[in-house]
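Work through the following exercises with the sequence and the three-dimensional structure in view. Try each task before reading its solution.

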Amino acid sequence: MAVRHHLIQAPPSAVWEVLSDPDKYAEWVVGTEETRPLYGTWPEVGAALQYTVALGPARLEGSTVVRRLEPPNRLELEAKSGPAGSARIAIEVNPWGEETLVIVDEHPLRGPGARLHNALLEAAIQLRHRRMLRRLAEVVEGTRAPTA
């Protein structure tokens with residue numbers, strides 16, 4: 001499992017506000033573009049966002065469904081990438097003094113990613129999480145320009 005943490009210089013309420021805003025999803029989730037509601041009201045359990053995933057010149061459709069919600073501390077998602085399968089992504093939001101410690105835990109659930117999970121895939125997920133958590137911090141802290 002790929003587990004990574006990042007200390008964000010803002011209170012947990014500010015982090016939760018960003019995680020709860022479907023319009024900000026593409027600003028912090030690496031590779032995600034053109035986010036739109038699929039069904040439900042984000043981030044209620046069962047709600048989903050649909051988006052385009054950019055992998056170099058290739059564009060793939062994906063969706064993310066909320067599987068577990070414990071505001072303002074825990075959001076668990078299932079990211080579905082068509083034939084590539086799906087992954088469970090758990091996001092913990094923990095107070096850390098006046099800041100927030102965010103922990104992301106991801107592992108493949110279905111498809112080739114789950115069957116072929118190995119150290120190389122784990123390293124790629126770690127790199128993606130490092131970038132994603134940095135982007136989340138920038139959005140929360142107000143240092144990231146909004147995407148168009």
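Rings of Phe, Tyr and Trp (for Trp, its six-membered ring) pair if their centres lie within 6.5 Å, and planes under 30 degrees apart count as stacked, over 60 as edge-to-face and the rest as tilted. The model is predicted, so that local features need pLDDT of at least 70 and side-chain atom pairs count only at pLDDT 80 or more, whereas totals for chains, interfaces and linings use all residues. Residues are numbered from 1 along each chain as its sequence is written, and side-chain values use heavy atoms, with hydrogens and water left out.

**Exercise 1. Aromatic rings**

Find which residues the ring pairs link into a cluster, and describe the pair formed by Tyr25 and Trp28.

Solution. A search of the whole structure finds 3 aromatic pairs. For Tyr25 and Trp28, the ring centres are 5.6 Å apart and the planes stand at 65°, so this pair is edge-to-face. Next, place the two residues: Tyr25 and Trp28 are 3 residues apart in helix H2, and are therefore separated by about one helical turn. (Helices are DSSP runs of H or I with at least four residues, strands are runs of E with at least two, and both are numbered from the N terminus.) Both Tyr25 and Trp28 are buried, where buried means under 20% relative accessible area, exposed over 50%, and partly exposed in between, computed with a 1.4 Å probe and protein chains only. Finally, follow the ring pairs onward, and the cluster is found to contain Tyr25, Trp28, Trp42 and Tyr51.

**Exercise 2. The order of the elements**

Count the helices and strands of the protein chain, and state which element has the lowest mean pLDDT.

Solution. The protein chain has 4 helices and 7 strands, and reading along the sequence gives the pattern β-α-α-β-β-β-β-β-β-α-α. Now consider pLDDT, the predictor's confidence in each residue on a scale from 0 to 100. Its mean over the protein chain is 87, and 89% of the residues reach 70 or more. Among the elements, helix H3 (residues 112-115) has the lowest mean, 67, while H1 has the highest, 97.

**Exercise 3. The nonpolar core**

Determine which elements supply at least two residues each to the largest nonpolar core, and which one supplies the largest share.

Solution. A nonpolar core is a set of buried Ala, Val, Leu, Ile, Met, Phe, Trp, Tyr and Cys residues joined through side-chain atoms within 4.5 Å. In soluble globular proteins, nonpolar side chains tend to be buried together. The largest core here has 29 residues, and the members that touch the most others are Ile8, Leu19, Trp28, Ile91, Val102 and Leu136. At least two core residues come from each of helix H1 (12-19), helix H2 (25-28), strand E3 (48-55), strand E5 (74-80), strand E6 (86-96), strand E7 (99-110) and helix H4 (119-141). The largest share, 6 residues, is supplied by H4. To look at one member, take Leu136: leaving out residues up to four places away in sequence, Leu136 touches Ile8, Val18, Leu19, Trp28 and Val102, a contact being heavy atoms within 4.5 Å.

**Exercise 4. Salt bridges**

Locate the salt bridges of Glu33, Glu92 and Glu76, and say which parts of the chain each one joins.

Solution. A salt bridge is a side-chain nitrogen of Lys or Arg within 4 Å of a carboxyl oxygen of Asp or Glu, and by this rule the count comes to 10.

- Glu33 pairs with Arg59, and their closest N and O atoms are 3.5 Å apart. This pair links distant parts of the chain, since Glu33 is in strand E2 (residues 32-39) and Arg59 in strand E4 (residues 58-70), 26 residues apart.
- Glu92 and Arg74 meet at 3.3 Å, N to O. Glu92 lies in strand E6 and Arg74 in strand E5, so the pair ties together parts that are 18 residues apart in sequence. Glu92 is partly exposed at 27% relative accessible area, whereas Arg74 is buried at 15%.
- Glu76 pairs with Arg88, with 3.4 Å between the closest N and O atoms. Because Glu76 lies in strand E5 and Arg88 in strand E6, this bridge ties together parts that are 12 residues apart in sequence. Both Glu76 and Arg88 are buried.

As a last step, trace the shared partners: salt bridges join Arg68, Glu70, Arg74, Glu76, Arg88, Glu92 and Asp105 into one network.
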